[in-house]
Amino acid sequence: MNEFELAEDAILDQHEPSWIAQGYKLVRRPSRGSLPSFLERYLPDAVLLGRTPQVVVEVLRKGQPHVERKVRELNALLAKHDDWRLEVLYAGEEPDQLPSVSTELLKQSLSSTGRLAPIDPRGGLLLLWATLEALSRRLEPGKTMRPQTPGRIVELLAGAGFVAPSEAEQLREAVQWRNRLVHGDLTISPSETQVLKLVEIVGDLIGTLERREAIPSA
């Protein structure tokens, strides 16, 4: 992957939990054969499927040649298809530092993951990773203010002793599921039980955070 593709994935990672909550599934870099014929010429950066309207997602870098023209052409094309719309994201616009999330919001997100797991384990897995990354920023604030890869998050938590070796292995396995899924491998299908086990691990981590923050500062 080149630098721009890494930035593109980081932006898609940032928006993915919100899209999942709306009922969409994100497919990154879809193949030509998986697209409707009117989109094959454009090969979008990603598409959102699973509800209407379906969405073409374009990640653009300001200053790229012909950016404005491409956006105009896609808008004109999709105007003829009421069941599709365009969403444009610009690389480089994400904040240098990510916000700290409250403990209550972490609990709410984890609870949503638990409810989603029996219905859509894959969606639950992706929301779980968003929760885990937000939690890691509370547990290791000095090392996680910028977006981290899922693998890096697991190694940070394992290295600091927040998770046991057996739990770290489960998280590493789940990283592989997550990475294959977000890159369009729709054959990946973790079970409800597997996702709920991960929910349990993250729940324990939230408990660790609460106990740590309940100790008065010296």
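# Exercises on helix packing, cores and backbone outliers

Among contacts in the protein between residues at least 6 apart in sequence, 64% join residues at least 24 apart; contact means heavy atoms within 4.5 Å. The model is predicted, with local features needing pLDDT of at least 70, side-chain atom pairs counting only at pLDDT 80 or more, and totals for chains, interfaces and linings using all residues. Numbering starts from 1 along each chain as its sequence is written, and side-chain values use heavy atoms, without hydrogens and water.

**Exercise 1.** State how many helices and strands the protein has, and give their pattern along the sequence.

Solution. Step 1: helices are DSSP runs of H or I with at least four residues, strands are runs of E with at least two, and both are numbered from the N terminus. Step 2: the protein has 7 helices and 4 strands. Step 3: the pattern reads α-β-β-β-α-β-α-α-α-α-α.

**Exercise 2.** Classify the packing of α4 against α6.

Solution. Step 1: fit the axes to C-alpha atoms, for helices over the stretch in contact, with angles from 0 to 180 degrees between N-to-C directions. Step 2: the axes of α4 (residues 121-139) and α6 (residues 165-182) come within 10 Å and cross at roughly 115°. Step 3: angles under 35 degrees count as roughly parallel, over 145 as roughly antiparallel, 65 to 115 as roughly perpendicular and the rest as oblique. Step 4: α4 and α6 are therefore roughly perpendicular to each other. Step 5: from α4, Arg122, Leu125, Leu126, Trp129 and Leu132 meet Leu171, Ala174, Val175, Trp177, Arg178, Leu181 and Val182 of α6. Step 6: these residues divide into 10 nonpolar, no polar and 2 charged, where Ala, Val, Leu, Ile, Met, Phe, Trp, Tyr, Cys and Pro count as nonpolar, Asp, Glu, Lys and Arg as charged, and the others, Gly among them, as polar.

**Exercise 3.** Classify the packing of α5 against α6.

Solution. Step 1: the axes of α5 (residues 150-159) and α6 come within 9 Å and cross at roughly 170°. Step 2: α5 and α6 are therefore roughly antiparallel. Step 3: Pro150, Gly151, Val154, Glu155 and Ala158 in α5 meet Ala168, Leu171, Arg172, Val175, Arg178 and Asn179 in α6. Step 4: by class, this contact has 6 nonpolar, 2 polar and 3 charged residues.

**Exercise 4.** Describe the largest nonpolar core and the surroundings of Leu171.

Solution. Step 1: a nonpolar core is a set of buried Ala, Val, Leu, Ile, Met, Phe, Trp, Tyr and Cys residues joined through side-chain atoms within 4.5 Å. Step 2: buried means under 20% relative accessible area, exposed over 50%, and partly exposed in between (1.4 Å probe, protein chains only). Step 3: the largest core has 30 residues, and those with the most contacts inside it include Trp129, Leu132 and Leu171. Step 4: α7 (192-214) is one of the elements giving two or more residues to this core, and α7 gives the most, with 8 residues. Step 5: neighbours within four places in sequence aside, Leu171 is in contact with Trp129, Leu132, Val154, Val163, Leu198 and Ile201.

**Exercise 5.** Locate the cis peptide bond and place Arg29 and Leu43.

Solution. Step 1: most residues other than glycine have a negative phi, and most peptide bonds are trans. Step 2: the bond from Thr52 to Pro53 is cis, with omega near 0°, and Pro53 is found in the loop between β2 (46-49) and β3 (54-61). Step 3: Arg29 has a positive phi of about 45° and sits in the loop between β1 (25-28) and β2. Step 4: Leu43 has phi near 45° and lies in the loop between β1 and β2. Step 5: Arg29 is partly exposed at 31% relative accessible area, and Leu43 is partly exposed at 33%.
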